[in-house]
Amino acid sequence: MAENELRGKHRQRVLKGAAILTGINNSEVKCTVRNMHPSGAELKVPIEARVPDEFLLYVPIDGIGYKAIVRWRREDRIGVEFNGTEPKPHWHYG
């Protein structure tokens, strides 16, 4: 079965700068949101980045922190499911 057939929702193609905020030593990994829908997104991350299974994805242009859970990983791509939002993270993308 093709990956597209597994998706329940169509993802809108976007290119937004974002940051993965882990809360571990206020760690931040810059990334790009490649496509997105209300329940999740595909992120492009540096291949050497260490990204935990759960994190806050802060998208400055949206002004929202998305609570994200990793659903799949492939090289420099991560698929996440959103599990709520925070209007303003405790610390922010800089």
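**View 1. The order of elements along the chain.** From the N terminus on, this predicted model runs α-β-β-β-β-β-β. That makes one helix and six strands in the protein chain. Buried residues account for 39% of the 94 residues. The chain exposes about 6100 Å², and carbon and sulfur atoms supply 48% of that area. If you like contact maps, look away from the diagonal here: among contacts between residues at least 6 apart in sequence, 47% join residues at least 24 apart.

**View 2. Strand 1 and its two partners.** Strand 1 covers residues 12–21 and runs antiparallel to strand 2, residues 28–37, with eight bridges joining them. In this pairing, I20 stands opposite V29. Strand 1 is also joined to strand 4, residues 54–59, by three bridges, and this pair is antiparallel too. Here A19 is the residue to find, opposite Y58 of strand 4.

**View 3. The largest nonpolar core.** Twenty is the number to keep in mind for this close-up: the largest nonpolar core has 20 residues. I20, V33, L43, F55, L57, V80 and F82 have the most contacts inside it. Strands 1 to 6 each supply at least two residues of this core, and strand 2 gives the most, with four. In soluble globular proteins, nonpolar side chains tend to be buried together.

**View 4. V33 and T32 in close-up.** Which residues does V33 touch, not counting those up to four places away in sequence? The list is V14, L15, K16, A18, A41, E42, L43, L57 and V59. T32 lies in strand 2. Leaving out residues up to four places away in sequence, T32 touches L15, K16, E42, L43 and K44. Is T32 buried, partly exposed or exposed? T32 counts as partly exposed because its relative accessibility is 28%, which falls between the 20% limit for buried and the 50% limit for exposed. For a distance to check in your viewer, the C-alpha atoms of T32 and A19 are separated by 8.0 Å, with the two residues 13 apart along the chain.

**View 5. Confidence from end to end.** The mean pLDDT of the protein chain is 84, and 80% of its residues reach 70 or more. Where is confidence lowest, and where is it highest? Helix 1, residues 3–6, has the lowest mean, at 44, while strand 3 has the highest, at 97. Over residues 1–7 pLDDT stays under 50, and the model has four contacts beyond four places in sequence for this stretch. A friendly caution applies: where pLDDT is low, the predicted coordinates should not be read in detail.

Terms used: Residues are numbered from 1 along each chain as its sequence is written. Side-chain values use heavy atoms; hydrogens and water are left out. Two strands pair if DSSP finds at least two bridges between them. A nonpolar core is a set of buried Ala, Val, Leu, Ile, Met, Phe, Trp, Tyr and Cys residues joined through side-chain atoms within 4.5 Å. Buried means under 20% relative accessible area, exposed over 50%, partly exposed in between (1.4 Å probe, protein chains only). Contact means heavy atoms within 4.5 Å. pLDDT is the predictor's confidence in each residue, from 0 to 100. Accessible areas come from the Shrake-Rupley method with a 1.4 Å probe; for residues, only the protein chains shown count as cover.
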